Amino acid sequence: MIEPVKKKNRRVTQACNYCKLKRVKCSGDCPCKKCISNNIECTYSDSKKRGRKVKIDEDKYLKKFTDACNFLFNGIPEHVPVINNENPKYDIFVNHELINNFYKYSTFEFIPFLNIDIIKNRIYNKEIYFSLLFALYAISEIFKPFGDYNVGLKYKKISKSFLELCRIKRKVNSIQIIESFYILSIIESGNINDYFFTKWALITSWQSNVYDLEVPEYKKEDEIEEKKNYISLVYSSVILKHMFAQIISGLIEYIEIYDSGFDGTIKRLFIDVNKSKDELDTTKYSSEHKIKPHLILMDTMKSDKNFSVVFKINEFTKQIDLNDLLLLKYKGNDVISLSTIRSLEYTLYMNQPNRWTIVGYNNICRLRNALFLYTNIKYKKMDFNAAMLIEEDRGCSYLIKNIPREFIMSNNSYRTDPAIMYLYKRRFYSTFQANRIFLYRVILRLLLNSVSSLDLISNIKTKINNSKNNTHEKENKDSICERNKYLYMNYGKSSLFESLYDSRNNIKSNKVKTETKNANENQQYRSISDESHFKREKEEEGKEDYKSNVKKIKLEEENNFIKDDLKQSKKESNTNEGKADPNENYLKNKDTNIKTNKEENEKKEEKIKYWINHFNYMEMTVDEMSDFISSCIYHQIVFILKNIISKCIDYILNQNMYFLRIAKFKESKEKISQYYETPCVISLYEYGIIYLSKYVANHGSDNYDDLINFSSDIEELSKRIKKNKDDNNWYIGRQEAYNTPSQNPKDSYEETDNMIKSEDNLKKEYFSGQTTINSNNYLSYIEMKMENQDNKMDSYSLCDQILDLIYISEGKDDISIGESLQNLVDLYFYQNVKKKCHTCKSCIRNNNFDNTKEMFIEILKLLKYFINLDEYTPFKCNIYKCHNQINKYLYSDPSLITYKYYYNELIDMEKYIKGIHEYNENFKYLVDKANTALKKGDNSFDIDTHFRNSFF
């Protein structure tokens, strides 16, 4: 019997971790047999190289800076120091040229807490962390003109490796670690790692008790205050950076900084230098944050009643204060607040006080709160609340009125401020104004439920209130109803709409007559009128025969019409004395038809004024006016509010363009390049898409009636506005005090008040005769009486009555709409909407979307606020107040199209901040859509861009 040959067990060079631990033989597979039988995870650790260890000659890599960087890039040994105070051979890591380049080529101190003197003193005293040095090298190489971005990323990776080494050696209790994270977050701006870096910097600060961090410049006991101020400057800068990183990543509702799962990822952020496997883990963790739900706070408040108890209540909105709700916290403790920032004492760029940080903090809060309100209202997490939106704009107004003196963009700033200082202030101011524009766009998007670019176009005009030459005093005392009275007489239902309906009926009847006449005269044409049957029949004979037959039929049809006209002209000529040529009569009729068509087109293009208060009116064509009058009261008020808000945006655009042209002039004169901070990406995008919308609405022209551009003559414009009060394309808002006589035309409102009283009498009349109240009978009784009563409140003039009551109300600081206006809405809102639901195009298009009385009242609150704003008036306009010969200080380029300027600036910004690629892609997408619209002859396009943070 032959015995089976025993197979020799193959030699295994490495055992798995479990077999090593149990000291058993491993099969060498993955998973091995032992791990399979024990149902455990089979893992292998890195194998150790056998034989004599090869000693790396480290000194040969430390002779040149480039060789030293290559040595560090491949992995930093643990014996390498993290500070340049242990061994002088590591001084090769210091490169003064790169440090000087950063402060040489940047137009401002990009990092507010570090200047070149601090860096050089730390190097000289051998107290600088290498992580901070290589972070500075990275940002210097990236921001340097014609710098190598890949080399900058190499320095960034070395900086991250040194930070990991600091963690291993437990040397993280230093302000330089926080500074390193801050600089790395600037490089990663726009990416999710920006959020990680700033978050880890804040966690490290709190774990070290913030003010216990080591600061190399302040070691003495009598320098405690100076140390605290410096730490406050760094700490507040990191907070502002983290808040903006939240906005970009869409994680504004993740207010708790401490995350137990985040601790394990700190290693993954830096170990990728040595192990590519861990780099995939970082990507996985980043993707997990990207898909996190953005809307969590409102659901938490609904599910946990104790959650909302700790938050403050805003006195104006009577709701939870958004600034308190979205305040950053670490293990339940407030990270910082506005009151904390105000109590700090430190100086910023060019020795400016901490008030600049207060402005920056308020600025970011307004953008964050607007985005929070938009996303939660859009996805029905909360109801539309006018007070909360108004409170955000009031915050902007408060900031303008109480702005620090050194921040004000005055008419003398271009003369007194240094060029670098002015450029920085202008960017700061531009970002603030762009955030306010975004708030206005949020309101428009929520109200209109539309993405059309026409939502940003306004037809509001303004008569400037010049008290010296006021020829319209009598006109100003008239109510809105009296001013717009002729519109309903000329364009109301009795004249315009009936004529339109009659004309449509006439067209239909003429069509019927011609069809029957042709049917009787030409039976063959009627038999082949079905085009599909005609095609099937004639395709067999060939396409040429088909085309020729169609031409014949068309010619026969035209000849029939001509014959009919000639017959009719003959009959008319026979009745007159003398016989005229029928061809001449036909030509005469044709000429008269052309003339009437021209007259009709001119009438349609004629602009009609619709007054909304004593100084502002909307200009509309006949078609636009007919659409407006036929709309329900809900969409009439929305249309007026849309135009007012768009006009406010136009005012901001003009102010920004004025200061931008001064800044461009200084930039070209001083021959300095300008770098944008990360928050500027939103301002450039906002201004760019609005100018793009204006460009398309203006049919491809950059010369606007109500906007200035890079070629506008500001001196001539300022003189024209001051001399001519009817130059009315630039301003919006209340231009008179509330106690002036012109605001109280009491006689014109007696009719409205009497009618409201009569309705009260109707209520008393009904209830006095009823012992038991039935709501259905009550409503039917009131409706019947309202239909039977005299036409004191015509449905078409309800809008004017509302505008009158709004104008005489208390003002923008009072959120209530008043008792008279409330009664007017209660009585006539649903009646008006019901009556016009079939003629209102917006109601038909949106299927009565949110057309409720409660929503209408919220819209009235917004209208009352914006129509009474006094910020966008001529006397607060820098163009109106500009000095003579201002054109000498303005940059001019007639060939430069405005929206292209902002688009090109975004492209240049992406060269040193790669994370803004999403904004450039969306801008390019909109530019392509705009060009397509212009080719088609359209005056609008859809702004349907998508961002991961719900921005639009």
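These are my notebook entries on what I looked up in this structure, which is a predicted model.

**Entry 1: confidence**

I began with the pLDDT values, and found that the chain has a mean of 76, with 71% of its residues reaching 70 or more. Going through the elements of the chain, I noted that α30 has the highest mean pLDDT, at 95, while helix α24, covering residues 523–527, has the lowest, at 38. I then looked up two stretches where the pLDDT is below 50: residues 466–475, for which the model shows 12 contacts beyond near neighbours in sequence, and residues 493–555, for which it shows 33 contacts counted in that way.

**Entry 2: the annotated domain**

From the UniProt record, an unreviewed entry, I copied the feature "domain: Zn(2)-C6 fungal-type", which is listed for residues 15–44. In the model I find residues 15–44 to be 40% helix and 0% strand, and the C-alpha atoms at the two ends of this range lie 7 Å apart.

**Entry 3: the largest pocket**

I turned next to open space, and recorded about 1500 Å³ for the largest pocket. Its lining is made up of 43 residues, and those that lie nearest the centre are L454, I457, E624, F639 and K642. Which elements give two or more residues to this lining? I listed α19 (419–448), α28 (622–630), α29 (633–670), α30 and α36 (841–846). Helix α29 provides the largest share of the lining, with 7 residues. When I sorted the lining of the largest pocket by class, I obtained 13 nonpolar, 16 polar and 14 charged residues.

**Entry 4: a residue of α29**

Since α29 had come up, I looked at Q655, which lies in that helix. Is Q655 buried or exposed? I entered it as buried, because its relative accessibility is 3%, which falls under the 20% cut-off for that word. Leaving out residues up to four places away in sequence, I found that Q655 touches Y429, K876, C877, N878 and I879.

**Entry 5: enclosed space**

I searched for cavities as well, and the structure holds 10 of them at 30 Å³ or more. I followed up the second largest cavity, whose volume is about 90 Å³. Its lining consists of R441, L444, R445, S450, V451, S452, D455, L456, I943 and F952. By class I divided the residues lining the second largest cavity into 5 nonpolar, 2 polar and 3 charged.

**Entry 6: positive phi**

Most residues other than glycine have a negative phi. I therefore wrote down two exceptions, beginning with N209, which is not a glycine and yet has a positive phi of about 65 degrees. N209 sits in the loop between α9 (192–207) and α10 (224–249), and I class N209 as partly exposed because its relative accessibility is 48%.

The other is H699, also a residue other than glycine, with a positive phi near 60 degrees. I located H699 in the loop between α30 (680–697) and α31 (714–723). How is H699 classed, as buried or exposed? With a relative accessible area of 57%, H699 is entered as exposed, since the word applies over 50%.

Definitions and conventions:
Residues numbered from 1 in each chain as written. Predicted model: local features only at pLDDT ≥ 70, side-chain atom pairs only at ≥ 80, totals over all residues. Heavy atoms only, no water. 1 Å grid on protein atoms, 1.4 Å probe; cavity = no way out; pocket = protein on both sides within 12 Å on 5 of 7 lines; lining within 4 Å. Points joined across faces, edges and corners; volume = space filled by probe spheres on them. Nonpolar A, V, L, I, M, F, W, Y, C, P; charged D, E, K, R; others polar. Helix = DSSP H or I, 4+ residues; strand = E, 2+ residues; numbered from the N terminus. Buried < 20%, exposed > 50% of the residue type's maximum accessible area, 1.4 Å probe, protein only. pLDDT = per-residue confidence, 0-100. Contact = heavy atoms within 4.5 Å. UniProt positions renumbered as here; feature names shortened; annotations may be inferred.
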